[in-house]
Amino acid sequence: MDARLQLAAARRVVVKVGSSSLTSLDGGLDPVRLDALVDALAKRRAAGSQVVLVSSGAIAAGLAPLGLTKRPRDLATQQAAASVGQLLLAQAYGASFGRHGQAIGQVLLTADDMIRRAHYRNAQRTLERLLGLGVLPVVNENDTVATDEIRVGDNDRLAALVAHIVGADGLVLLSDVDGLYDGDPRKPGSRLLRDVDAPSDLDAVQIARPGQGSLGTGGMATKITAAAMATAAGIPVLLAAAADIDGALDTSADGPAVGTAFRTSGRRMSARRFWLRHAADVRGRLDLDAGAVAAVIERRRSLLAAGIHGISGEFVAGDVVDLVGPHGVVVARGVVGFDAAELPGLIGRRSRDLPTEHRREVVHADDLVAL
């Protein structure tokens, strides 16, 4: 099905907006821009869709109250600005959505909520309950306590993760650029790609980072990565300018006419497999022989000790590890059933030659995803 038609018909949609679309250096939050965004989201909500907003802007919103003229470089000041800005951002959204009688709930996530399976499931339950109660969740990364999470483009990836967590039917990534170009849009001759129907459509695209100011941290490369994550899991994506928000959320028969639409490239996968593929914290690696790779990838079998010839990393049973083929390429990822200290005496040996207590899968097929 055409991606634009899917996006128009989406009953549950995730919308991500960046700092540069909400704020300005001299005035913090821009109420006109924020109200325009909220009006469009409320309209889509009134049309019958459930909406989740993934919003950047906490750090940028905290700059003016702290007397800062540009985004700080040091982590402590970034966290201080986020502490002030998160409150201002929530207040602004609450007041603006209040004009439409729409209740909102703030959901602050950290990397732990993505990489730890129990936390991931808890975030899923919280968001699902909010939506069930008619609340519009406003999701942001918890930059007040984040460390290495404050990095380029993180909220684009977060939006793709949230889209899968809530089982979204569409993902809209808003930017200060009106879509994906095959070159730098500031230069003559660059062409807007209206539709991306397959990953191969991106082969000739030269990624530029136009419009990146001192407030935002994202770039076009991170948005393409987020789009690839979502579309591979069966979620269509639209990349559009924040100024075109009304068109991006158009529910007419023809779908949104703005931006770049990304067609789905895979089927919707289980939350567990999506977590393994895109969000899990990898603790080590297992080196496989060619036979083990064939069994795991082609025949969808569990990984046994006999097919492993090397290990690295400090992990325990229940951690996630990469499975690496003979040529050094990561072919799969899975939950390991043994501690790293146990495996050296087991690898390369057939199950019948192992002690009874060790005659089990190193990585079970149900806990494994091919890459």
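## A tour of sheets, a hairpin and two helices

Start in strand S12 and select Phe262, the bridge partner of Val196. This is a predicted model.

Now widen the selection to the strands around that pair. S12 covers residues 260–262, and two bridges join S10 to it. S10 and S12 run parallel. Strands of a sheet pair through backbone hydrogen bonds, either parallel or antiparallel.

Next, show the whole open sheet. How many strands form it? Eight do, in the order S5-S6-S4-S1-S7-S11-S12-S10. Their pairing is mixed. Go to the edges: strand S5 (104–109) and strand S10 (195–196) each pair on one side only.

Add helix H6, residues 117–132, which packs on this sheet. Which strands does H6 touch? Color strand S1 (12–17), strand S4 (50–55), S5 and strand S6 (136–141) to see them. Compare directions too: that of H6 makes about 150° with that of S6.

Keep H6 on screen and bring in helix H10, residues 271–278. The two axes come within 11 Å and cross at roughly 125°. That angle makes H6 oblique to H10. The crossing of H6 and H10 is right-handed.

Zoom in on the contact itself. On the H6 side, select Arg117, Tyr120 and Gln124. They meet Ala271, Arg272, Phe274 and Trp275 in H10. Color these residues by type: the contact of H6 with H10 divides into four nonpolar, one polar and two charged.

Now leave the helices and select strand S16, residues 330–336. Is S16 mostly covered or mostly open? Mostly covered: six of its seven residues are buried.

Look at the neighbors of S16. Strand S15 (residues 320–324) is joined to S16 by five bridges, and the two run antiparallel. Pick Asp322 to find one bridge pair: its partner in S16 is Arg333.

Follow the chain from S15 to S16. These strands form a hairpin, with five residues between them. Stop at Gly328 in the turn, which has a positive phi of about 80°.

Finish with strand S17, residues 363–370. Four bridges join S16 to S17, and these strands also run antiparallel. Select Gly334 and look across to S17, where its bridge partner is Leu368.

Conventions
Residues are numbered from 1 along each chain as its sequence is written. This is a predicted model: local features need pLDDT of at least 70, side-chain atom pairs count only at pLDDT 80 or more; totals for chains, interfaces and linings use all residues. Side-chain values use heavy atoms; hydrogens and water are left out. Two strands pair if DSSP finds at least two bridges between them. Contact means heavy atoms within 4.5 Å. Axes are lines fitted to C-alpha atoms, for helices over the stretch in contact, and angles run from 0 to 180 degrees between N-to-C directions. Buried means under 20% relative accessible area, exposed over 50%, partly exposed in between (1.4 Å probe, protein chains only). Angles under 35 degrees count as roughly parallel, over 145 as roughly antiparallel, 65 to 115 as roughly perpendicular and the rest as oblique. A crossing is left-handed if the near helix is turned anticlockwise from the far one by less than a right angle, and right-handed if clockwise. Ala, Val, Leu, Ile, Met, Phe, Trp, Tyr, Cys and Pro count as nonpolar, Asp, Glu, Lys and Arg as charged, and the others, Gly among them, as polar.
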